Amino acid sequence: MEKVAIVTGGSRGIGKAIVEALARKNIKVIANYNRSEEKAKILKEELEKENIFIDIFKADVSKREEVKVMVDYTIEKYGKIDILINNAGIDQEKMFQDITDEDWDNIVKVNLYSVFCTTQEVIPYMLKQKSGCIINMSSIYGTNGGSCAVAYSATKAGVDGMTKSLAKELGPSHIRVNSIAPGYIDTDMNEKYSKEEIEQIKEETPLEKIGKPVDIAKCIEWLVEDNFTTGQVISINGGWGIT
Ligand code: NAP
């Protein structure tokens, strides 16, 4: 039977490109969404025109009970989960002194707790089959930090710590765990940047361009087929992050 993958935040941006790439590789994909139901439906319909069939599933991944329902649905329908892509995430641009407890709790729930609880719900099935591939979406800010992005950077550094620790713990069970740390990728998340700011990022980037969601999806395609890479934070940033 073909492999089965859950992709969180799979209806738009980087997650959408990942869903398309995996589904075109004959992997059964459950594309999770939370708010973007319409986009999820359109993605499903678009792929159906290519005779590719995905499942779309609504769940707020910052809530364990909703994650559990999604995982149970996947197991009932397909009997296994081979690949988990913890992609869902939110941004937060604030001066450190302006971050409220509520801001902090919210971003930690969506960016970090979601990776913890989704992985924890999926792991029993991977352990049973003694194989699995988990890929967490981190960020260049998790490694380098970002001004006015302290909470966001802290969550992504947390994701990287979780990735490395879990890779050690789950390696003997043949479950690989890696992070991908994108630089600037052209998605809704970056709508806040002006044309001038984007030009400046391009100038600071050795490859003189900004990334596209498909650049991340290509790495995911490779990682899911690989069998000797684990515990890594893979930077995809056009060289923007070279220090
Ligand atoms: P995006 O276009 O803003 O999309 C964010 C995705 O996360 C959406 O699919 C959204 O789903 C989902 N999401 C947010 N909260 C959720 C929740 N509580 N439950 C389920 N899904 C939720 O962002 P993106 O650029 O594609 O980012 C994807 C990942 O890459 C994020 O983890 C982000 O931190 C990381 N990243 C992005 C960049 C970049 O430059 N774009 C750089 C570094 C890292 P709904 O719309 O359905 O709610």
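**Asn-87, the sheet and the ligand**

Modeller: Leaving aside neighbours within four places in sequence, Asn-87 in this predicted model is in contact with Thr-8, Gly-9, Ile-14, Gly-15, Ile-18 and Met-137.

Biologist: Where is the place of Asn-87, in terms of strands and helices?

Modeller: Asn-87 sits in a loop, the one that runs between strand β4 (83–86) and helix α4 (101–129).

Biologist: And is Asn-87 buried or exposed?

Modeller: The relative accessible area of Asn-87 is 11%, which is under the 20% cut-off, so this residue counts as buried.

Biologist: What does the side chain of Asn-87 reach?

Modeller: It reaches the backbone oxygen of Gly-9, at 3.0 Å, and Gly-9 is also among the residues in contact with Asn-87.

Biologist: Let's move to the sheet; in what order do the strands come?

Modeller: The order is β3-β2-β1-β4-β5-β6-β7, which makes an open sheet of 7 strands with parallel pairing. The edges are formed by β3 (55–58) and β7 (233–236), each of which pairs on one side only. On average, neighbouring strands of this sheet are turned by 20° against each other, with direction ignored.

Biologist: How many bridges join β1 and β2?

Modeller: Strand β1 (residues 4–7) pairs with strand β2 (residues 28–33) over 4 bridges, in the parallel sense, and Ile-6 has Ile-30 as its bridge partner in β2.

Biologist: Which strands does helix α3 touch?

Modeller: Helix α3 (residues 64–78) packs on the sheet and touches β1, β2 and β3, and its direction makes about 155° with that of β3.

Biologist: Back to β1: which of its residues are buried on each side?

Modeller: Val-4 and Ile-6 are buried on one side, while Ala-5 and Val-7 are buried on the other, so both faces of β1 are covered. In a regular strand, side chains alternate between the two faces of the sheet.

Biologist: Changing topic, which residues come nearest to the ligand?

Modeller: Of the 30 residues around the ligand, those that come nearest are Arg-12, Asn-34, Ser-36, Tyr-152 and Thr-187. For Tyr-152, an N or O atom in the side chain is 2.6 Å from an oxygen atom of the ligand.

Biologist: What about polar backbone atoms, say those of Gly-183 and Ile-185?

Modeller: A polar backbone atom of Ile-185 lies 2.8 Å from an oxygen atom of the ligand, and for Gly-183 the corresponding distance, again to a ligand oxygen, is 3.3 Å.

Biologist: How much of the ligand's accessible area does the protein cover?

Modeller: On its own the ligand has 880 Å² of accessible area, and the protein covers 95% of that.

Terms used:
Residues numbered from 1 in each chain as written. Predicted model: local features only at pLDDT ≥ 70, side-chain atom pairs only at ≥ 80, totals over all residues. Heavy atoms only, no water. Pairing = 2+ DSSP bridges. Helix = DSSP H or I, 4+ residues; strand = E, 2+ residues; numbered from the N terminus. Axes fitted to C-alpha atoms, helices over the stretch in contact; angles between N-to-C directions. Contact = heavy atoms within 4.5 Å. Near = heavy atom within 4 Å. Polar contact = N/O pair within 3.5 Å; in protein donor to acceptor, adjacent residues only side chain to side chain. Areas by Shrake-Rupley, 256 points an atom, 1.4 Å probe, with all protein chains shown as cover. Buried < 20%, exposed > 50% of the residue type's maximum accessible area, 1.4 Å probe, protein only.
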